[in-house]
Amino acid sequence: METEVDLNQASRETLLEIIAELRQRVESLEARLSGGGPGARMPGHKLSARRKKPAAEKKPRKKRQHGFARPRMEPTGRVVHAPDSCPECHTPLTGGWVHRTREVIDIPVIPAEVTEHVFIARTCPLCRKRRRPQEPLKGLAVGRQRLGTNLVSLMVTLREEGRLPVRTIQWYLRVFHQLKLSVGAIVQAVHQVARQGRAEVGKILERIRSSPVVNADETGWRENGKNGYVWTFSTPTERFFLRRGRSGEVVDEVLGESFEGILVSDFYAAYHHYPGLKQRCWVHLLRDIHALKVCYPEDDGLVRWALGVQRLYAKGREWAAGRRPPSRVQLVLEERLLALCRPFLEDPLAVQAKLCRRIERHIKELFVFVSHPEAPSDNNGAERSLRHLVISRKISGGTRSQQGSNSKLVLASLFGTWRARGLNPFLECRQLLISPQP
């Protein structure tokens, strides 16, 4: 018993000593913090090595070429908010200044306007003939139907540019404009715009035929469940689409005999017979080379050959981007590429033999962009022009009739051209409807 008491007494004394040491440390830390100076910091806290520069040494902000702040829109209306009286003493308040402004952007939900036009016929008192007003609705309605130009332009823009189904357009008009239209009325409006736009599409085709460079490509398009192809012939500012088969006669039909420019395309055989200058797409070729490298990653000879082809292409791009080189540079690049491919042409064990034979067959069509820098080395322009139509095909699956296909491609040519030129498709469609027709 005495032993346990002694142990407890020793433990108590030890704890009292520890408490006394901790009190001394706390008092020391409080003194350091209250005294300030370089020592007035918590233990273990490191001073920041980066010191703030004085205000005088701060460099002025570099001026930007253009501002990135959100610009305010031009207000269409203004509402002034001002207190009429003091909320405490109720004294009337007058005058004042602009404390702040706040911009609120909203769209009105307005029902469609239905205007009844009354036509008055009158009799001339002198010649006794009846006289009626001549074309009083020109520019207000489309043809002899009851739909106005703004409404038709909106529906066609939603259909073509927005890629909305007809029933979605019908729902939109009913919900937001309290306008009930049948599916047939919307479809007929689309056909009406296509009929009025055929003359403009003919002008687009003429401008393409007179262009120095034309990109061409094709993609699948089903009509009433039957396979077919949509062709595109485009320039940086023009788009033309039509649905045909996949034969080379389509190239002759579109370009005609007067075309003397450069035809940019992939390696499809329908373009082989064109007698003029052709530039084959390097992106397609390099993509096939990359796919071959993925299939045979351990073939060192294939890797060296692919690297040599890529270097020659990069050399051609360098020459084309720098200045207009003589045609001799094109010949040198063609000779080097042939020399690179010649050892594998008849080698049955070479995995790149097929691509080498393709290069040999089209060697005169691979470096045209070097001697003619206005021609691109790839066919990305045609594929970009098809992208909008391909997305529309994925949504709808195609068209159901020949009339639907014709209207679809006429509108695709019109809206694609307006899109390429950066124009407002709604305003351009409206201008097409109100312009005099030939």
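1. In this predicted model, the side chains to look at first are F415 and W418, both of which are buried. Together F415 and W418 form an aromatic pair of the edge-to-face kind, with 5.0 Å from centre to centre and 65 degrees between the planes. The two residues are three apart in helix α12, and F415 and W418 are therefore separated by about one helical turn. The angle of 65 degrees earns the edge-to-face label because planes over 60 degrees apart are counted in that way.

2. A second pair, in helix α3 (residues 166–177), can be read beside the first, since Y172 and F176 are four residues apart in that helix and are separated by about one helical turn. How are the planes of Y172 and F176 set to each other? The pair is tilted, with 35 degrees between the planes and 5.1 Å centre to centre. On the surface scale, Y172 counts as partly exposed at 25% relative accessibility, and F176 is also partly exposed, with a relative accessible area of 34%, whereas F415 and W418 in the previous point are buried.

3. A search of the whole structure finds eleven aromatic pairs, and a reader who wishes to see rings joined beyond a single pair may turn to W231, F233, Y268 and Y271, which ring pairs link into a cluster. One member of this cluster, Y268, also has a charged partner, for R246 lies over the face of Y268 at 4.2 Å from the ring centre. A further arrangement of this kind involves F267, where the charged end of R358 sits over the ring, 5.1 Å from its centre.

4. The interior holds one cavity of 30 Å³ or more, and the largest cavity has a volume of about 50 Å³. Which residues line the largest cavity? They are E160, F241, S385, H388, L389, A412, G416 and R419. Two helices, α11 (380–396) and α12 (402–420), each supply at least two residues of this lining; α12 is also the helix in which F415 and W418 are found. By character, the lining residues divide into three nonpolar, three polar and two charged.

5. How many disulfides does a search of the whole structure find? The search finds zero, and two cysteines in contrasting surroundings help to show why. The sulfur of C281 is 17 Å from the closest cysteine sulfur, which belongs to C341, and this is too far for a bond; C281 counts as buried, at 1% relative accessibility. The sulfur of C295 has its closest cysteine sulfur in C356, at 16 Å, which is again too far for a bond, although C295 is exposed, with a relative accessible area of 57%. A disulfide needs the two sulfur atoms to lie within 2.5 Å, so neither C281, at 17 Å from its closest cysteine sulfur, nor C295, at 16 Å, can be assigned one.

6. Two residues from separate helices may serve as points of orientation along the chain. L337 has its place in helix α8 (residues 327–341) and is buried, with a relative accessible area of 0%. The C-alpha atoms of L337 and I359 are separated by 8.2 Å, while the two residues stand 22 residues apart along the chain. R311 is found in helix α7 (residues 300–322), and R311 is exposed, with a relative accessible area of 58%. For R311 and H372 the separation is 61 residues in sequence and 20 Å in space, taken from C-alpha to C-alpha.

7. Finally, the backbone deserves a careful look at two arginines. R128 has a phi near 60 degrees, which is a positive value in a residue other than glycine, and R128 lies in the loop between β1 (122–123) and β2 (130–131). Is R128 buried or exposed? At 61% relative accessibility, R128 counts as exposed. R163 likewise has a positive phi, near 55 degrees, in a residue other than glycine, and R163 is found in the loop between α2 (149–160) and α3. With a relative accessible area of 24%, R163 is partly exposed.

Note on methods. Residues numbered from 1 in each chain as written. Predicted model: local features only at pLDDT ≥ 70, side-chain atom pairs only at ≥ 80, totals over all residues. Heavy atoms only, no water. 1 Å grid on protein atoms, 1.4 Å probe; cavity = no way out; pocket = protein on both sides within 12 Å on 5 of 7 lines; lining within 4 Å. Points joined across faces, edges and corners; volume = space filled by probe spheres on them. Nonpolar A, V, L, I, M, F, W, Y, C, P; charged D, E, K, R; others polar. Phe/Tyr/Trp six-rings, centres within 6.5 Å; stacked < 30°, edge-to-face > 60°. Buried < 20%, exposed > 50% of the residue type's maximum accessible area, 1.4 Å probe, protein only. Lys NZ or Arg CZ within 6 Å of the ring centre and 35° of its normal.
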